[in-house]
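The following paragraphs lead the reader through one protein structure, from its charged pairs to its interior and then to its surface. The structure itself is shown first.

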Amino acid sequence: MAGRDYYRLLRDFGQGHIDILAGTQMLAKGLHFPNVTLVGIISADTSLYLPDFRANERTFQLISQVAGRAGRSAKKGTVFVQTFLPEQQAIQYAVKDDFDGFIQEELKHRKACNLPPYWRLSAIVMRDMNFEKLEAACAQMRQKIDRVVTREGLKLKIRGPMPAAINRIQRFHRMQIIIQSPEAATMQRLFTGLRAEPPVRPAVKIAIDIDPVNLL
């Protein structure tokens with residue numbers, strides 16, 4: 001849909017020329033329709049299946065945002081949430097509109113698993129069209145990391161190399177190494193030490209993401 005068609009559609013909906021509007025997550029954010037009294041969220045648990053530690057957070061945020069489109073005036077609003085996981089914590093707190101309860105429960109989980117905001121997180125994402133070449137390069141990167149950790153006496157948790165959640169984009173295979181650190185200085189010492197190491201051979205494309213927005 002072209003940009004002008006999108007805005008025309010929203011304008012017609014806001015003016016009451018359209019009674020039912022179906023869409024993606026784009027409809028969840030920044031829209032104000034005073035006459036909307038019913039919202040249905042289809043497959044509200046989809047993002048929970050993503051292998052990312054922010055899955056709960058994103059699910060809670062999305063349900064809360066979409067639900068907020070209903071009842072924005074004097075008229076009461078009703079929200080239907082379709083899910084296979086009605087007892088899941090993010091969905092339960094979102095349905096109750098309990099932001100504080102969700103935050104307390106989510107932070108408890110993050111702390112137990114050494115996840116942000118309690119620990120720092122980095123992802124080394126490596127990709128190449130040749131999978132065997134990529135595997136060899138990833139194994140060498142892990143060896144370099146272990147060497148620096150031992151030499152510097154660093155306290156880190158390292159997972160991988162392992163296939164990325166989205167393990168192939170276009171013709172590129174993707175693998176990643178996830179690093180968790182209790183403090184930023186420790187992470188900095190690791191990457192300073194890695195820069196002093198010889199280049200990875202065979203050469204592949206490498207991206208280092210500090211405090212990644214997602215692990216996909």
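Arg110 is a suitable place to begin: in this predicted model, Arg110 is buried, with a relative accessible area of 7%. Its partner in a salt bridge is Glu57, and the closest N and O atoms of the two lie 2.8 Å apart. The bridge joins distant parts of the chain, since Glu57 belongs to helix α2 and Arg110 to helix α4 (residues 99–112), with their positions 53 residues apart. Glu57 has a relative accessibility of 36% and counts as partly exposed. Together with Glu106, Glu57 and Arg110 are linked in a network of salt bridges.

Side chains of opposite charge can pair when their charged atoms come close. A search of the whole structure finds ten such salt bridges. Another of them stays within helix α4, where Glu105 and Lys108 are three residues apart, about one turn of the helix. In this pair the closest N and O atoms are 3.5 Å apart. Lys108 is exposed, because its relative accessible area is 54% and the threshold for that class is over 50%. Glu105, at 26%, counts as partly exposed.

A further salt bridge is formed by Glu197 and Arg151, with 3.2 Å between the closest N and O atoms. This pair also links distant parts of the chain: Glu197 is in the loop between α6 and β6 (205–210), whereas Arg151 is in helix α5, 46 residues apart. Here the acidic residue is the buried one, as Glu197 has a relative accessibility of 12%. Arg151 is partly exposed, with a relative accessible area of 47%.

From the charged pairs the description turns to the nonpolar interior. Which residues touch the most other members of the largest nonpolar core? Within this core of 21 residues, they are Ile124, Met126, Ile145, Ile179 and Leu190. Two or more residues come from each of β3 (120–128), α5 (131–152), β5 (172–181) and α6 (184–195). The greatest contribution is that of α5, which gives seven residues. Apart from this core lies another, of 17 residues, among them Tyr6, Val39, Ile41 and Leu62.

Ile179 offers a closer view of the surroundings of one core residue. When neighbours within four places in sequence are left aside, the contacts of Ile179 include Ile124, Ile145 and Leu190. Ile179 is also in contact with Arg120, Ser122 and Lys157, among others.

The loop between β1 and α2 leads back to the surface. Tyr49 is placed in this loop, which runs between β1 (38–41) and α2 (55–67). Tyr49 is exposed, with a relative accessible area of 53%, and together with Phe84 and Leu85 it makes a nonpolar surface patch of about 380 Å². Leu50 is located in the loop between β1 and α2 as well, and is partly exposed at 42% relative accessible area. Beyond its neighbours within four places in sequence, Leu50 is in contact with Ala55 and Leu216. The C-alpha atoms of Leu50 and Ala165 are separated by 8.0 Å, although these residues are 115 residues apart along the chain.

The cysteines complete the account. How many disulfides does the structure hold? The number is zero. Cys138 is buried, with a relative accessible area of 1%, whereas Cys113 counts as partly exposed at 35%.

Definitions and conventions:
Residues numbered from 1 in each chain as written. Predicted model: local features only at pLDDT ≥ 70, side-chain atom pairs only at ≥ 80, totals over all residues. Heavy atoms only, no water. Patch = residues over 30% accessible without salt bridge, like charges linked within 9 Å, V, L, I, M, F, W, Y side chains within 5 Å. Areas by Shrake-Rupley, 256 points an atom, 1.4 Å probe, with all protein chains shown as cover. Salt bridge = Lys/Arg side-chain N within 4 Å of Asp/Glu carboxyl O. Helix = DSSP H or I, 4+ residues; strand = E, 2+ residues; numbered from the N terminus. Buried < 20%, exposed > 50% of the residue type's maximum accessible area, 1.4 Å probe, protein only. Disulfide = S-S within 2.5 Å. Contact = heavy atoms within 4.5 Å. Core = buried A, V, L, I, M, F, W, Y, C linked by side-chain atoms within 4.5 Å.
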